[in-house]
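Here is a quick report on a structure, written for someone who likes the cut-offs spelled out. Have a look at the model first, then read on.

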Number of protein chains: 2
Amino acid sequence: MSSSSTPAAASHPPLASDVDLLRLDHQVCFSLHAASRAFGGVYRDALKDLGLTYPQYLVMLVLWEHGPQPVKVIGERLRLDSGTLSPLLKRLETAGLVTRERSAEDERSVVVRLTEQGSDLRDRALPVPLKILSATGLSVPEVLALQQLLGRITNALDQAH
Amino acid sequence: MSSSSTPAAASHPPLASDVDLLRLDHQVCFSLHAASRAFGGVYRDALKDLGLTYPQYLVMLVLWEHGPQPVKVIGERLRLDSGTLSPLLKRLETAGLVTRERSAEDERSVVVRLTEQGSDLRDRALPVPLKILSATGLSVPEVLALQQLLGRITNALDQAH
DNA sequence: CACAACTAAATTGTGCGCAACTCAATGACG
DNA sequence: CGTCATTGAGTTGCGCACAATTTAGTTGTG
């Protein structure tokens, strides 16, 4: 708890006051919020050619990697519910990238499947990650460390929620 | 750039393929996206009592910290444009937390000011940051490091954008 | 078999984020 | 002084996120 390296908030005795925390908090929540939106902006640029939004890209990644799967599974992988996925998938269907059909075994379930066009789009998506990586200015090890830290936080937050 | 400390992704020869990157990318963008939403969930809980959403809370933080200021300045601090702020501020005004009035010197500018009620809300917001911090399961130094890293990334991404 | 509990999608409503645009006020320049 | 570019807010439109609800299909139990 030495205060010599952090000039800000250094004018206080041992115990951090609520006021300090309110300022710290400002920076933590804000920096994550801002980073998330900054990523959104760069992805938006990179995905414009493909005609995909960022969340749509996430869904396509899941489909490219794991093949046909029900909406529920996609939702579990991306932690998104049907309220978000249903309209999103409808847009992907309208764009001709996926099909949606009721499962035969369980009529409640809707299986999402890539169309030929959807599969082909993968080739054009290949250069995207490198663009993003270079835009972050991070090294690969740094990215991995960040990933790990974020994963830890997400799990902790999900449990608290 | 030795990779001995990071066992993951160590099974590859020098050059990572596009396919690898596509999977890596999946995890990077997704983990940030997920972390951001996980934070949103916890803040939602913590702010429910105050009747604030997470972005509204950010605006209130700025007002508590810096006092009355034009919409433009709030937007600069939070990197939000009028398209987001105008309706948000209107909701805060309807809730009786802020007032909005045209500046006398520059009639284009609208100054946002806390009401008595808005100022008072600060006391009830004080315990929020500690709740969030403990929900993350991170130590204060870890939070500071994360903050710094995210700041670096955001700057880099904003430049690329 | 009938009925209750549960599950998967979809729908509805609210709010955020952002691009594109409008409008009024300001400032710069000839 | 008049004109034109710029600036600050606001509006519109679209898509995402999420809570709450609805609908239809499934499963469990008496």
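## Cysteines

A:C29 counts as buried because its relative accessibility is 0%, where buried means under 20% relative accessible area, exposed over 50% and partly exposed in between, using a 1.4 Å probe and protein chains only. B:C29 is buried too, with a relative accessible area of 0%. Over all chains there are zero disulfides, a disulfide being a pair of cysteine sulfur atoms within 2.5 Å.

## Ground rules

This is a predicted model, so to speak of local features takes a pLDDT of at least 70, side-chain atom pairs count only at pLDDT 80 or more, and totals for chains, interfaces and linings use all residues. Residues are numbered from 1 along each chain as its sequence is written, chains are lettered from A and ligands numbered from 1 in the order in which they are written, and side-chain values use heavy atoms, leaving out hydrogens and water.

## Around DNA strand C

DNA strand C has 27 residues around it, and the closest are A:H33, A:K72, A:S82, A:K90 and B:R91; to be near, a residue needs a heavy atom within 4 Å of the strand. Of the strand C atoms that come within 4 Å of the protein, sugar and phosphate account for 80%. The surface residues split into six nonpolar, nine polar and twelve charged (nonpolar is Ala, Val, Leu, Ile, Met, Phe, Trp, Tyr, Cys and Pro; charged is Asp, Glu, Lys and Arg; the others, Gly among them, are polar).

Two arginine side chains of chain A reach phosphate oxygens of strand C with an N or O atom: A:R37 at 3.1 Å and A:R100 at 3.0 Å. A:R108 goes for a base instead, with a side-chain N or O atom 3.3 Å from a base oxygen of strand C.

## Around DNA strand D

Which residues are closest to DNA strand D? They are A:R91, B:H33, B:K72, B:S82 and B:K90, out of 27 that surround the strand. Sugar and phosphate make up 77% of the strand D atoms within 4 Å of the protein. The residue classes here are six nonpolar, nine polar and twelve charged.

Phosphate oxygens of strand D have backbone partners in chain B: a polar backbone atom of B:V71 sits 3.2 Å away from one, and a backbone N or O atom of B:K72 lies 2.8 Å from one. B:S86 uses a polar side-chain atom, at 3.0 Å from a phosphate oxygen.

Methods. Polar contact = N/O pair within 3.5 Å; in protein donor to acceptor, adjacent residues only side chain to side chain.
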